[in-house]
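I opened the notebook on a new model today. My plan was to look at charged pairs, then at the sheet and the helices on it.

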Amino acid sequence: MLPARSRMHCSGDYRAAVRGGVRSGRPTLVVHAGRRAQVRLDSVGMTELSTGVVDNYDSAGPLASTTTSRSDLGVTPRVGFVVSKAVGNAVTRNRVKRRLRHLCRPLVNELEDGTVVVVRALPAAATQPNRVAKDLDGAWHQALRKLR
């Protein structure tokens, strides 16, 4: 399981990777990778990015901490998953997401600060679970090479 600080929680993160980044596809999945360019706090306590807006939310509550750490600014590398209804029913989609989260855990450590990655599962991910690991590894590294 990925730690919460390494998972995407906001639409701005997804938008940064899918619209503003690079893409690498395989038969079972597509990996989108992007960078978050600017991070600054505005007067209402929101972290505004050049590609979207993300809430600055701490575990103790909104804006509870006065110090800004790496995770508060949203520069930690993050990974998100998109599994549409085309993949299958709810049980199948959740199984695919769990597999992807498990496979991405060791790969997150390779990411630089500010990198966002979205893994989009295709319908073949549900029917070919043994191929997903190989496809993820290949697409992940190809997308990161393109991003540099």
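**Entry 1: a charged pair.** Which residue forms a salt bridge with Arg35, and how far apart are the closest N and O atoms? I noted first that the model is predicted. Then I looked up the pair: Glu112 is the partner of Arg35, with the closest N and O atoms 3.5 Å apart. That sits inside the cut-off of 4 Å for a side-chain nitrogen and a carboxyl oxygen. I located both ends. Glu112 is in the loop between helix H2 (90–108) and E9, while Arg35 is in strand E2, so the salt bridge ties together parts 77 residues apart in sequence.

I checked accessibility next. Glu112 is partly exposed, at a relative accessible area of 44%. Arg35 is also partly exposed, and its value is 32%.

**Entry 2: the other pair.** How many salt bridges does the rule give? I got two. Besides Glu112 with Arg35, there is Arg131 with Asp135, where the closest N and O atoms are 3.4 Å apart. Both of these residues lie in helix H4. They are four residues apart, about one turn of the helix.

Are Arg131 and Asp135 buried or exposed? I found a split. Arg131 counts as partly exposed, at 35% relative accessibility. Asp135 counts as buried, at 3%. The reason is the cut-off: buried means under 20% relative accessible area.

**Entry 3: the sheet.** I turned to the strands. Four of them form an open sheet, in the order E1-E2-E9-E8, with mixed pairing. Why do E1 and E8 each have a side without a neighbour in the sheet? Strand E1 (22–25) and strand E8 (78–83) stand at the edges, and each has a single partner strand, so one side of each is left free of a neighbour there. I also noted the twist: neighbouring strands are turned by 20° against each other on average, direction ignored.

I followed one pairing further. Strand E2 (residues 29–35) pairs with strand E9 (residues 115–121) in the antiparallel sense, over seven bridges. One bridge I looked up joins Leu29 to Ala121 in E9.

**Entry 4: helices on the sheet.** Which strands does helix H1 touch? I listed E1, E2, E8 and E9 for H1 (residues 11–18), which packs on the sheet. The direction of H1 makes about 85° with that of E9. Helix H4 (residues 129–147) lies across E1, E2, E8 and E9. I noted that H4 runs at about 30° to E2. H4 is also the helix that holds Arg131 and Asp135.

How values were computed
Residues are numbered from 1 along each chain as its sequence is written. This is a predicted model: local features need pLDDT of at least 70, side-chain atom pairs count only at pLDDT 80 or more; totals for chains, interfaces and linings use all residues. Side-chain values use heavy atoms; hydrogens and water are left out. Two strands pair if DSSP finds at least two bridges between them. Helices (H or I, at least four residues) and strands (E, at least two) are DSSP runs, numbered from the N terminus. Axes are lines fitted to C-alpha atoms, for helices over the stretch in contact, and angles run from 0 to 180 degrees between N-to-C directions. Contact means heavy atoms within 4.5 Å. Buried means under 20% relative accessible area, exposed over 50%, partly exposed in between (1.4 Å probe, protein chains only).
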